[in-house]
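Open the model in your viewer and switch to a cartoon view. The tour below says what to select at each stop.

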Amino acid sequence: MKTTDLHTTEQQDTNTSVVFKCRGKDYSKEPLCLSGRGVTREFHTGKITTVAVDHVDFDFHKGELISIVGESGSGKTTLSKMLLGLLDMTEGEILFQGKPRDISTGAKKQEYWKGIQAIFQDPFSSYNQFHKIDEVLLDCINMRGGKKLSKQEKTDMMTEACSFVNLKFAELTNKYPFELSGGQMQRLMIARIFLLKPNILLADEPTSMIDACSRATILEMLLKLRDDTGMTVIFITHDIGLAYYISDTVYIMEHGRFVESGTPDDVMLNPKNPYTKRLISDVPKLREPWYLSTVVYNNEM
Ligand SMILES: Nc1ncnc2c1ncn2[C@@H]1O[C@H](COP(=O)(O)OP(=O)(O)OP(=O)(O)O)[C@@H](O)[C@H]1O
Ligand SMILES: [Mg+2]
């Protein structure tokens, strides 16, 4: 049994004497990491136009944990793909570290991806199944300029990355990703991020395929990585309760627009937008005690 602490600040619920915690640290004075102005994406299918992302503005800061919350179809993944440079914008501008982002050539894209990395909903589709796990991790070391390191140094780095996510490198070497469980694959994705150390991590529903206990472990690893490296984490989720629990800043997305944003307390304890109110009403126990702060470590998730 190990106690995990996902939080930096605590609040005492005087009625029940139960401690519940939230983050909500103000990062507005930190340097800008990623900003967007009027970011828009339309899809045209025959005569039908879908505005998946509709003129959104945002400022994400160094070290901030941002949750983007919205129901299915609200445009979260479309926005993620534009942030990653995997999908063109129809309109708008994205700024990276305060300057207009330039990903106009393959080389510039590669350079951009050193600064922003993602983990996705479905770990199975995130790996090239023909590449062994060693190659997956070696690629990360090479991407970070470690090509010339000795074999031993590379093995040490891979061992450290695996042990950060409670995996044993010696047991994974020479295996293929499909030989791992879903939870192990999720953790391997975090081991990749540990090696890549991007400025920004975009996590699109990274815990949706795993059970609640493993989910807490994965979240704890992500938060520890954020605390250790100061990376910005953009967490995409439909789960407003989880967003309340882990975020510094929350953006609520409806029909491609940000309808409300602020600290978890501002947005969820004092919601102004009817859509936010409806999302919250679907989480009946938001104000009641949370017991996620104690989880059992399970290496076989
Ligand atoms: N390639 C595409 N072509 C046409 N329409 C698309 C395409 N990709 C997304 N859409 C539409 O854009 C809208 C937003 O989709 P998106 O996948 O961004 O939503 P989401 O918030 O990520 O949903 P979920 O929570 O289900 O993952 C939806 O109406 C979807 O049908
Ligand atoms: Mg999605």
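At what angle do helix α3 and helix α6 pack, and how far apart are their axes? Select residues 133–143 for α3 and 182–196 for α6. The angle is about 25°, and the axes lie 8 Å apart. Angles under 35 degrees count as roughly parallel, so α3 is roughly parallel to α6. Their crossing is right-handed. Keep in mind throughout that this is a predicted model.

Now show side chains at this contact. From α3, pick Ile-133, Val-136, Leu-137, Cys-140, Ile-141 and Met-143. Across from them, α6 offers Leu-188, Ala-191, Arg-192, Leu-195 and Leu-196. By class, the contact has 10 nonpolar residues, 1 charged and no polar.

Next stop: the sheet. Select its 4 strands, which form an open sheet in the order β5-β4-β7-β8. The pairing is antiparallel. The edges are β5 (48–61) and β8 (99–100), each paired on one side only. Go inward to β4 (residues 32–45) and β7 (residues 91–96), joined by 5 bridges. For one bridge, pick Arg-37 and its partner in β7, Glu-93. Then add helix α1, residues 76–84, which packs on this sheet. The helix touches β4, β5 and β7, and its direction makes about 60° with that of β5.

Last stop: ligand 1. Display the 13 residues that surround it. The closest are Phe-43, Ala-52, Ser-72, Thr-77 and Thr-78. Strands β4 and β5 and helix α1 each give two or more residues to this shell. Helix α1 gives the most, with 3. Color the shell by class: 10 residues are polar, 2 nonpolar and 1 charged.

Key: Residues are numbered from 1 along each chain as its sequence is written. Chains are lettered from A and ligands numbered from 1 in the order in which they are written. This is a predicted model: local features need pLDDT of at least 70, side-chain atom pairs count only at pLDDT 80 or more; totals for chains, interfaces and linings use all residues. Two strands pair if DSSP finds at least two bridges between them. Two residues are in contact if their C-beta atoms, placed from the backbone, lie within 7 Å. Axes are lines fitted to C-alpha atoms, for helices over the stretch in contact, and angles run from 0 to 180 degrees between N-to-C directions. A residue is near a molecule or strand if its C-beta atom, placed from the backbone, lies within 6 Å of it. Ala, Val, Leu, Ile, Met, Phe, Trp, Tyr, Cys and Pro count as nonpolar, Asp, Glu, Lys and Arg as charged, and the others, Gly among them, as polar. Angles under 35 degrees count as roughly parallel, over 145 as roughly antiparallel, 65 to 115 as roughly perpendicular and the rest as oblique. A crossing is left-handed if the near helix is turned anticlockwise from the far one by less than a right angle, and right-handed if clockwise.
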